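This report covers a helix crossing, a buried residue and some aromatic rings. Please look over the sequence and the model before reading on.

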Amino acid sequence: LHAFMVFMAAFVVSGGVKGGIERFSKWLMPVLFGLLILLAIRSVTLDGAMEGLRFYLYPDFSKVTGVMVLKAMGQALFSLSLGMGTMITYGSYLSKKENIATSAAWITSFDVLVSILAGFAIVPAVAAMQQSYAQGPDLIFKVLPSIFGSMPGGYFFGLGFFILVIIAALTSTVSILEVPVAYFVDERGWSRRQAVTFVAALAWLIGTPAALSHGATEFLTTLPGIGASFFDVISTAFGDISLSVGAFFIALFTGWVWGVAKASKEIESEGNAFVVRETWSFLVRFVAPIIILIVFLYTVWATFIDS
């Protein structure tokens, strides 16, 4: 299955941006969005779902702490693919006529909307089946399957949910795979097919131990904060730490190396308005690097020290 997912992503990316990624996204993204809406409707209509809706929507300001804010910012780094180079790579394909600020606003808005819909699809179902609230792999692969097994029509609900997970994973894999492929094509002069083959093979090779790791090894269990499997090692290194590092250097590059003046000029090309130019320039130079650094330090502390 791991090989199949890598192959599917490679197949899409090999078609190029317009013939592969754009064509793939045009029909798969509406399917993902529609399926998510159907699952949310099914979840909120379950008996006992009201308790989950109350938990999900009723604010508890006692939970709003510095740690919670840092976790939310870390989630933003992951959810918006910041730190991976995905936005930079896709942005390089934009027409000069595109309004970058408007596109960024739409991307962020839809990302938040999909996240909210995902909450409606999951949290009420957890409450309706009287399960405990979990996060990450435990939620997806332990809690939710037990819910699907005990709810009316759970087989079809579970089938739809995991199809949704596969679609989401595949779209993300396509985006991330394009980043190194674009590097080899643009900077090294490789053909797209050659670059896709090499990167996909490398991704498959690195990902295979994680896909096969289920039990603990003596070495891994001695590492603080890592966990019991190679999957945890990869998840921590690339899913938590590397995102913050990448985003930190992207902010430094944009604010200080390339410079906010050149970045603003690019955004305002073709007469596009950038009404928050001064505010954005200040944020990207001073606020973003500091906050991202704090997120990084917190992630390292929570992973290796606090655990």
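A crossing is left-handed if the near helix is turned anticlockwise from the far one by less than a right angle, and right-handed if clockwise. The crossing of helix 3 and helix 6 is right-handed. This is a predicted model: local features need pLDDT of at least 70, side-chain atom pairs count only at pLDDT 80 or more, and totals for chains, interfaces and linings use all residues. Residues are numbered from 1 along each chain as its sequence is written, and side-chain values use heavy atoms, with hydrogens and water left out.

**Helix 3 against helix 6**

Helix 3 spans residues 49–57 and helix 6 residues 100–128; they pack at an angle of about 135°, with axes 7 Å apart. Helices (H or I, at least four residues) are DSSP runs, numbered from the N terminus. Axes are lines fitted to C-alpha atoms over the stretch in contact, and angles run from 0 to 180 degrees between N-to-C directions. The two helices are therefore oblique to each other. Angles under 35 degrees count as roughly parallel, over 145 as roughly antiparallel, 65 to 115 as roughly perpendicular and the rest as oblique.

Contact means heavy atoms within 4.5 Å. Helix 3 contributes residues including Leu53, Phe55 and Tyr56, and helix 6 residues including Ile116, Phe120 and Val123. The contact residues divide into eleven nonpolar, three polar and one charged. Here Ala, Val, Leu, Ile, Met, Phe, Trp, Tyr, Cys and Pro count as nonpolar, Asp, Glu, Lys and Arg as charged, and the others, Gly among them, as polar.

**Thr299**

Thr299 sits in helix 12 (residues 277–305). Thr299 is buried, at 13% relative accessible area. Buried means under 20%, exposed over 50%, and partly exposed in between (1.4 Å probe, protein chains only). Leaving aside neighbours within four places in sequence, Thr299 contacts Asp240, Ile241 and Ser244.

**Aromatic rings**

The structure holds 17 aromatic pairs. Rings of Phe, Tyr and Trp (its six-membered ring) pair if their centres lie within 6.5 Å; planes under 30 degrees apart count as stacked, over 60 as edge-to-face and the rest as tilted. Two pairs are set out here.

| Pair | Centres | Planes | Class |
|---|---|---|---|
| Trp106 and Phe110 | 5.7 Å apart | 25° | stacked |
| Trp256 and Phe286 | 5.5 Å apart | 85° | edge-to-face |

Trp256 lies in helix 11 (residues 230–267) and Phe286 in helix 12, so their pair ties together parts 30 residues apart in sequence. Trp106 and Phe110 are four residues apart in helix 6, about one helical turn. Trp106 is exposed at 54% relative accessible area. Phe110 is partly exposed at 42%.
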